[in-house]
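Hi everyone, and thanks for making time for this one. I'd like to walk you through how a few helices pack, then follow some aromatic rings, and finish with a couple of backbone oddities. Let's put it up on the screen.

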Amino acid sequence: MESLSNEAFTPSIREYHPRKLARTYYNNSDIDGGDAEELQWINGTQSYENMINMTKNKSGGHDHHHNDHQQGLSLITLLMECAVAISVDNLEEANKMLLELTQIASPYSASCAERVVAYFAKAMARRVMSSCLGGGTIMYSPLLQTKAILSAFQTFNTISPFIKFAHFTANQAILEAFHQRDRVHIIDLDIMQGLQWPALFHILATRPEGPPHVRMTAMGTSYEALEETGRQLSGFARRLGISFEFHPVGRKPGDVDPAMVQTRRGETIAVHWLQHSLYDAIGVNWKTMRLLEIIAPRVITLVEQEMPPHSGQFLERFVGALHYYSTIFDSLGATLGCEDVNRHKVEHWMLEREINNVLAVGGAGEEEMFGSWRTELVRRGFAQVPMSGNSMTQAQLILNMFPAMHGYTIQQGDGTLRLGWKETGLYTASVWTSPRLMRYSRSD
């Protein structure tokens, strides 16, 4: 991927220069009807006051100056009150608060809390604008600014362990499912640049029994990008001496006719899905699940973001997203300076886009989105395969690439692996097998 200049994605710092402190517009009793129950979120236990206290403990990242800390708390408090106003359709009041937030909060601040507020305020302003105009929600198209987004994704892969964790734990599970199989078929539901597959190809090429014949079906919304990814992977496989076929499918999995995914007798099938919020990569959820049922893969590797479902109520999504992305921003701020170009690149091109999409989801089709893919797989009869000790080893190797002081953690439980920062889970990896197959065993 060709590198992009900093000017291509970095707005002027002067655009976001803080000018004044935020003020609080109203307290809990000012909400329509004064109904305190409107502020009970997340399984009925997370109150507005508790969320403020939780945010106080997280705000400011590694910035210990008292004034900046107070500024961050004031901004987050105002942001949360704005979210409450949006949730009760008080758009006029929400717009007033957003005007103030966008004038104050800077995405270049030394305070991680202020940076988070800047991007959340922008996403909420888009939502309010759409509601005022009477239109549908605004989501970024996957076809816009593709090079910048993929470049930011690559950078995120370099400066943090999250994407590597997803790739290496999935590769380990797939490698175990392919043990002593001579014809294998990988189906990637959203391949993007295919960053994880060269590592798997390298291991397959060095098997004592020799490499298998590898077929890959790659899905995505840009056929041009798929073809380029196919050329890169085909060249890599050829250099390793692997017999390789690449089949691009320029559609979302939920829009794919099962007949478009050709399976062959005797091949072992693995499906991979790295869930993200950069764009709607799946399409119609139940159709995607139906596709998995028809394909009946030997193994499904799933990596999910740990935050509330996009289909939930706005206030629940907001609170969960604020906690999730505050942790992501804090993790970046703990290792990279406030003026670091790579940090700006990831925050501006990748995280801002995800925040916008999480907060903007709504309207038509919302009810068709799954709250949790793991829960839905269980409901459909798929069997979970516990993550192996080798998968844990791979995850630990990834963490060892980053000093312990950076705060990244791994938790193992319920057959999954969860990567987080300072005990807050952010990405969860799990492995599944089709109900149509005999019990999946790594040793067979």
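Let's begin with a pair of helices. Helix α6, residues 146-159, packs against helix α12, residues 341-360, at an angle of about 120 degrees, and their axes are 9 Å apart. That angle makes α6 oblique to α12. As for handedness, α6 passes α12 in a left-handed crossing.

Which residues do the touching? On the α6 side we have Ala148, Ile149, Ser151, Ala152, Phe153, Thr155, Phe156 and Ile159, and they meet Asn342, Lys345, Val346, Trp349, Met350 and Arg353 in α12. Sorted by character, the residues of this contact of α6 with α12 are nine nonpolar, three polar and two charged.

Before I go further, please keep in mind that this is a predicted model. For the overall picture, the protein has 14 helices and nine strands. Of its 444 residues, 55% are buried. Among contacts with a separation of 6 or more, 79% are between residues 24 or more positions apart.

Back to α12, with another partner. The axes of α5 and α12 come within 9 Å and cross at roughly 45 degrees. These two helices are therefore oblique to each other, and α5 passes α12 in a right-handed crossing. From α5, the contact uses Cys112, Arg115, Tyr119, Phe120, Lys122, Ala123, Met124, Arg126 and Arg127; from α12, it uses Arg343, His344, Glu347, His348, Glu352, Ile355, Asn356, Leu359 and Ala360. The contact of α5 with α12 divides into eight nonpolar, three polar and seven charged residues.

Helix α5, residues 112-133, also packs on helix α11, residues 314-333: their axes come within 9 Å and cross at roughly 145 degrees. Here again α5 makes a right-handed crossing, this time past α11. Among the α5 residues in this contact are Arg115, Val116, Tyr119 and Phe120, and among those of α11 are Phe318, Leu322, Tyr325 and Phe329. The residues of the contact of α5 with α11 split into 11 nonpolar, two polar and four charged.

I'd like to stop at one of those residues, Tyr325, which lies in helix α11. Is Tyr325 buried or exposed? Its relative accessibility is 0%, so Tyr325 counts as buried. Leaving aside residues up to four places away in sequence, Tyr325 touches Val116, Phe120, Ser277, Gln305, Met307, Leu351, Glu354, Ile355 and Val358. There is also a long jump in sequence here: Tyr325 and Leu426 are 101 residues apart along the chain, while their C-alpha atoms are 9.1 Å apart in space.

Tyr325 brings us to the aromatic rings. One aromatic cluster is formed by Phe156, Phe162, Tyr324, Tyr325, Phe402, Tyr408 and Tyr427. You may remember Phe156 as one of the α6 residues that meet α12.

Now for the ring pairs themselves. A pair of aromatic rings is described by the distance of the centres and the angle of the planes. The count comes to 11 aromatic pairs. Take Phe156 and Phe162: their ring centres are 5.9 Å apart and their planes are at 20 degrees, so the pair is stacked. Phe156 has 0% relative accessibility, so it counts as buried, and Phe162, also at 0%, counts as buried.

Phe162 has another partner, Tyr408, and this pair is edge-to-face, with 5.5 Å centre to centre and 80 degrees between the planes. Because Phe162 is in helix α7, residues 162-177, and Tyr408 is in strand β7, residues 408-413, the pair ties together parts that are 246 residues apart in sequence. Both Phe162 and Tyr408 are buried.

Last, the backbone oddities I promised. Gln180 is not a glycine, yet it has a positive phi of about 60 degrees. You'll find Gln180 in the loop between α7 and β1, and at 59% relative accessibility it counts as exposed. Met192 is another residue other than glycine with a positive phi, near 55 degrees. Met192 sits in the loop between β1 and α8. With a relative accessible area of 11%, Met192 is buried, since the cut-off is under 20%.

That's my tour. Thanks for listening, and I'm happy to go back to any of these spots on the screen.

Technical notes
Residues are numbered from 1 along each chain as its sequence is written. This is a predicted model: local features need pLDDT of at least 70, side-chain atom pairs count only at pLDDT 80 or more; totals for chains, interfaces and linings use all residues. Side-chain values use heavy atoms; hydrogens and water are left out. Axes are lines fitted to C-alpha atoms, for helices over the stretch in contact, and angles run from 0 to 180 degrees between N-to-C directions. Helices (H or I, at least four residues) and strands (E, at least two) are DSSP runs, numbered from the N terminus. Angles under 35 degrees count as roughly parallel, over 145 as roughly antiparallel, 65 to 115 as roughly perpendicular and the rest as oblique. A crossing is left-handed if the near helix is turned anticlockwise from the far one by less than a right angle, and right-handed if clockwise. Contact means heavy atoms within 4.5 Å. Ala, Val, Leu, Ile, Met, Phe, Trp, Tyr, Cys and Pro count as nonpolar, Asp, Glu, Lys and Arg as charged, and the others, Gly among them, as polar. Rings of Phe, Tyr and Trp (its six-membered ring) pair if their centres lie within 6.5 Å; planes under 30 degrees apart count as stacked, over 60 as edge-to-face and the rest as tilted. Buried means under 20% relative accessible area, exposed over 50%, partly exposed in between (1.4 Å probe, protein chains only).
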